[in-house]
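This briefing is meant to be read with the structure open alongside it. It takes the strands, the aromatic rings and the metal site in turn.

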Amino acid sequence: MTSDPLPLNLLRLSFQTHQEFADWSESNRKMLTHIWRWQEEMGNRPEPFELPGVCDLCERMTTYTAVPRAVKDSAPPAFRTEWWDGTRCGCGMSNRDRAALRVFQDGYQSGDRIYHVGCFSSFRKWLSRRIPKVMASQYEEGRRPGEIANGVRYEDLTRLSFRKPRFDTIVCMEILEHIPDYKAALREMARTLRPAGRAILTVPWLGRDTYEHLVRAEIDESGEIRHLLPPEYHGDPASKEGILSFRSFGWKLLEEFREAGFSTARAEFVFGPVHGYMKLLAPVIVGVR
Ligand SMILES: [Zn+2]
């Protein structure tokens with residue numbers, strides 16, 4: 001992978017605490033309101049988008065596509081476009097995928113050992129086509145951590161089979177919300193990263209002012225799932241039914257990274273519509289060992 005930036009600047013923001021972010025957003029309130037209005041108004045239409053742009057990962061001209069969804073029970077009918085999960089480049093990567101790859105690429109050095117949690121996502125395939133040494137694993141109930149079957153490695157992120165620190169980067173996209181004991185997963189990532197190694201994550205994010213997490217479900221004393229909110233299932237490339245989300249995250253997550261053994265954690269934002277980074281306030285979370 002090359003890391004030469006294209007000549008059109010991206011807005012890059014990085015915050016280590018909720019307070020840092022709150023101070024910044026307070027002094028940029030007008031700009032944030034403009035961007036939010038622009039996104040909401042433009043996204044309010046029934047027809048799919050085709051937005052010409054430049055993909056700084058593919059390093060070529062492309063056409064981004066995004067599909068508006070009808071807002072439930074709205075009269076008159078209204079639509080909202082999911083820029084973060086959409087805005088797909090011809091390479092298949094969404095705004096979220098590309099923002100994470102952009103952050104990944106900034107700190108990547110040739111020869112780095114990468115661990116990608118999950119085998120079957122298009123994100124993992126993109127990574128494996130371009131860089132060597134990507135280890136990937138899959139979770140499946142009843143499998144022993146470290147077990148290999150039919151060429152697939154199985155791991156449990158709350159008790160990884162790797163004895164010593166060995167990774168320069170761990171990539172964990174849209175996984176943490178599905179792990180009831182997500183703090184154990186953070187500790188295991190910290191334990192298996194080399195000094196100064198990075199964990200790069202995306203999670204369902206509650207939004208700019210929210211500090212506490214939103215707990216949707218938990219495991220009770222008898223080991224059963226207890227739903228506190230109507231269950232929310234996310235698409236899973238390994239299962240047809242989808243997978244239950246236990247929580248959405250607030251800014252508290254950065255403190256929990258530090259408690260889990262990371263030296264720092266930050267929320268990084270990438271914004272630049274020409275490059276198909278349409279969503280300003282959705283973060284890529286980076287924990288540094
Ligand atoms: Zn692309």
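Two strands are taken to pair if DSSP finds at least two bridges between them, and strand 11 (residues 193-202) and strand 19, which run antiparallel, are joined by four. The model is a predicted one, and the points below are grouped by topic.

**Strand 19 and its partners**

- Five of the five residues of strand 19 (residues 284-288) are buried, and this strand is therefore largely enclosed by the rest of the structure.
- Val284, Val286 and Val288 point one way from strand 19, whereas Ile285 and Gly287 point the other way.
- Where strand 11 meets strand 19, Ala199 has Gly287 as its bridge partner.
- Strand 18 (residues 264-271) also runs antiparallel to strand 19 and is joined to it by five bridges, with Val286 of strand 19 serving as the bridge partner of Arg266.

**Strand 6 and its parallel neighbours**

- In strand 6 (residues 114-117), Ile114 and His116 point one way while Tyr115 and Val117 point the other way, and all of them are buried.
- Strand 6 runs parallel to strand 7 (residues 134-137), with four bridges joining the two, and Ala136 in strand 7 is the residue that stands opposite His116.
- Between these two strands the chain passes through helix 4 (residues 122-130), and the resulting β-α-β crossover from strand 6 to strand 7 is right-handed.
- Strand 6 pairs in the parallel sense with strand 10 (residues 167-173) as well, over three bridges, and here His116 stands opposite Val171.

**Aromatic pairs and charges over rings**

- The structure holds 15 aromatic pairs, and one of them is formed by Phe15 and Phe269, whose ring centres lie 5.9 Å apart with the planes at 65 degrees, so the pair is edge-to-face.
- That pair links distant parts of the chain, since Phe15 belongs to strand 1 (residues 11-15) and Phe269 to strand 18, 254 residues apart, and both Phe15 and Phe269 are buried.
- Phe269 also pairs with Trp251, the ring centres being 6.4 Å apart and the planes at 40 degrees, so this pair is tilted.
- Trp251 sits in the loop between strand 17 (247-248) and helix 6 (252-259), and its pair with Phe269 in strand 18 links parts of the chain 18 residues apart; Trp251 and Phe269 are both buried.
- Phe15, Phe21, Trp24, Trp205, Trp251 and Phe269 are linked by ring pairs into a cluster.
- Two arginines lie over the faces of aromatic rings: Arg130 over Trp126, at 3.8 Å from the ring centre, and Arg143 over Tyr154, at 4.3 Å from the ring centre.

**The zinc site**

- The zinc ion has as its protein donors the SG atoms of Cys55, Cys58, Cys89 and Cys91, which lie 2.1 to 2.5 Å from it, and these donors follow the spacing C-x2-C-x30-C-x1-C along the chain.
- Cys55 in strand 2 (residues 49-55) and Cys89 in the loop between strand 5 (79-81) and helix 3 (95-107) are 34 residues apart, and this pair links distant parts of the chain.
- The angles among the four donor atoms span 94 to 137 degrees, and the site of the zinc ion is irregular; a tetrahedral site would need all angles to lie between 85 and 135 degrees.
- Cys55 counts as buried because its relative accessibility is 0%, and Cys89 likewise counts as buried, at 5% relative accessibility.

Definitions and conventions
Residues numbered from 1 in each chain as written. Predicted model: local features only at pLDDT ≥ 70, side-chain atom pairs only at ≥ 80, totals over all residues. Heavy atoms only, no water. Buried < 20%, exposed > 50% of the residue type's maximum accessible area, 1.4 Å probe, protein only. Right-handed = clockwise from strand over helix to strand, strands pointing away. Phe/Tyr/Trp six-rings, centres within 6.5 Å; stacked < 30°, edge-to-face > 60°. Lys NZ or Arg CZ within 6 Å of the ring centre and 35° of its normal. Donors = N, O, S within 2.8 Å, 3.2 Å for Na, K, Ca; no water. Tetrahedral: all angles 85-135°; square planar, octahedral: opposite > 155°, others 65-115°.
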